[in-house]
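Hello,

Here is the structure I promised to pass on to you. Please have a look at it first, and then read my notes below.

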Amino acid sequence: MSADPALPVDISDLSISLARRVAVITGGGSGIGRSIAEYFHRAGATVVILDLDEQSAQAAAEALGSRAYALACDVTNADSVAAAAARSTQLAGAVDILVNSAGVALLAPADSLSESFWRTTMDVNLTGTFLVCQHFGRGMLERGSGRIINLASQAATVALTDHAAYCASKFGVVGLTKVLASEWGPRGVTANTLSPTVVLTALGRDAWDNPKGDELKKQIPVERFAEPEEIAAVAGFLASRASGMINGADILVDGGYTIR
């Protein structure tokens with residue numbers, strides 16, 4: 001018997017402490033990134049929200065109140081990322097935790113996928129993740145400690161129709177993260193990916209609250225999509241000191257979709 005989809009997700013007993021730690025979240029102005037920022041803040045972290053949309057980042061930070069900052073950042077631009085890394089340290093102190101949640105999903109069949117869609121997807125999802133890891137990771141490596149959590153996707157494990165660019169970018173994020181885990185683990189910095197199924201953010205509901213979504217849920221053993229808070233809870237564990245032996249892993253939060 002499947003779980004009742006009407007029941008709210010309860011993560012109140014998933015208690016971690018991120019007190020006296022500084023976390024930077026890209027794409028933190030909305031969606032999964034914002035949920036992660038909120039969860040980290042409740043766990044005691046000082047959070048710096050980076051987003052291309054500065055107004056969204058500012059709104060998210062203001063909703064949190066103290067220990068929250070907002071900065072505009074274009075993750076595809078190395079100068080913008082470098083400036084955000086320097087400013088984050090000035091505002092909040094040395095960065096302990098980095099979450100790369102900024103991303104795009106531009107979909108089309110492979111035979112008609114435009115070069116523009118391909119390049120934008122790679123620039124944001126893969127190159128952006130690399131640039132942010134590189135610039136913030138340098139500070140972590142200097143201090144000999146840090147946690148990096150990169151948002152991948154179930155599309156980094158299985159092929160999805162019309163997702164040629166998206167799958168390629170997310171497979172790339174997993175590969176990149178494993179290399180970082182190998183190179184940086186001995187220097188005190190762990191790196192892991194978190195791979196959700198469809199997540200019921202505002203955009204997720206708009207895209208999947210329809211017959212197509214109903215059919216997709218039938219392919220997920222738990223017969224539902226994920227709530228943003230569930231992704232945030234897993235990110236919180238990966239950010240915590242309890243996860244020190246998890247390095248180079250891809251944590252699937254997909255209800256079992258990829259096991260079939």
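Let me start with one residue and its surroundings. Leaving out residues up to four places away in sequence, Thr-46 touches Arg-21, Val-22, Ala-23, Arg-67, Tyr-69 and Ala-92. Thr-46 belongs to strand E2, which covers residues 46-51. Its relative accessible area is 16%, and because buried means under 20%, Thr-46 counts as buried. Please keep in mind throughout that this is a predicted model.

Now for the overall picture. The chain has 8 helices and 7 strands. How does its radius of gyration sit with that of a compact globule? For 260 residues such a globule would have a value near 18 Å, and the chain has 17 Å, so the two agree. The C-alpha trace spans about 50 × 45 × 40 Å along its principal axes. Of the 260 residues, 49% are buried. If you count contacts with a separation of 6 or more, 69% of them are between residues 24 or more positions apart.

On the surface, the chain exposes about 12200 Å², with carbon and sulfur atoms supplying 52% of that area. As for charge, there are 20 positive and 27 negative side chains. The centres of these two sets lie 8 Å apart.

You may wonder how many disulfides there are in the whole structure. A search finds 0. Cys-73, for example, is in no disulfide, and the nearest cysteine sulfur, which belongs to Cys-133, is 12 Å away. Cys-73 is buried, with 5% relative accessible area. Cys-167 counts as buried too, at 9% relative accessibility.

Another residue you could look up is Gly-146, in strand E5 (residues 146-151). Is Gly-146 buried or exposed? With a relative accessible area of 6%, Gly-146 is buried. Not counting residues up to four places away in sequence, Gly-146 touches Asp-96, Met-140, Gly-188, Val-189 and Thr-190. Ala-92, which you met above as a contact of Thr-46, is 54 residues from Gly-146 in sequence, and their C-alpha atoms are 15 Å apart.

Moving to a helix, Arg-34 is part of H1, residues 31-42. Arg-34 is partly exposed, with a relative accessibility of 26%. Which residues does Arg-34 contact, leaving aside its neighbours within four places in sequence? They are Gly-27, Gly-28, Gly-29, Ala-59, Ala-60 and Ala-63. Between Arg-34 and Ser-56 there are 9.6 Å from C-alpha to C-alpha, with the two residues 22 apart in sequence.

Finally, two backbone details. Arg-20 is not a glycine, yet it has a positive phi of about 65°. You will find Arg-20 in the segment before strand E1 (22-26), and its relative accessible area of 79% makes it exposed. Asp-162 is not a glycine either, and its phi is also positive, about 70°. This residue, Asp-162, lies in the loop between E5 and helix H5 (164-184). Asp-162 is partly exposed, with a relative accessible area of 34%.

I hope these notes help you find your way around.

Best wishes

Definitions and conventions
Residues numbered from 1 in each chain as written. Predicted model: local features only at pLDDT ≥ 70, side-chain atom pairs only at ≥ 80, totals over all residues. Heavy atoms only, no water. Helix = DSSP H or I, 4+ residues; strand = E, 2+ residues; numbered from the N terminus. Rg over C-alpha atoms; globule rule 2.2 N^0.38 Å. Buried < 20%, exposed > 50% of the residue type's maximum accessible area, 1.4 Å probe, protein only. Contact = heavy atoms within 4.5 Å. Areas by Shrake-Rupley, 256 points an atom, 1.4 Å probe, with all protein chains shown as cover. Lys, Arg positive; Asp, Glu negative; His and termini not counted. Charge placed at Lys NZ, Arg CZ, Asp CG, Glu CD. Disulfide = S-S within 2.5 Å.
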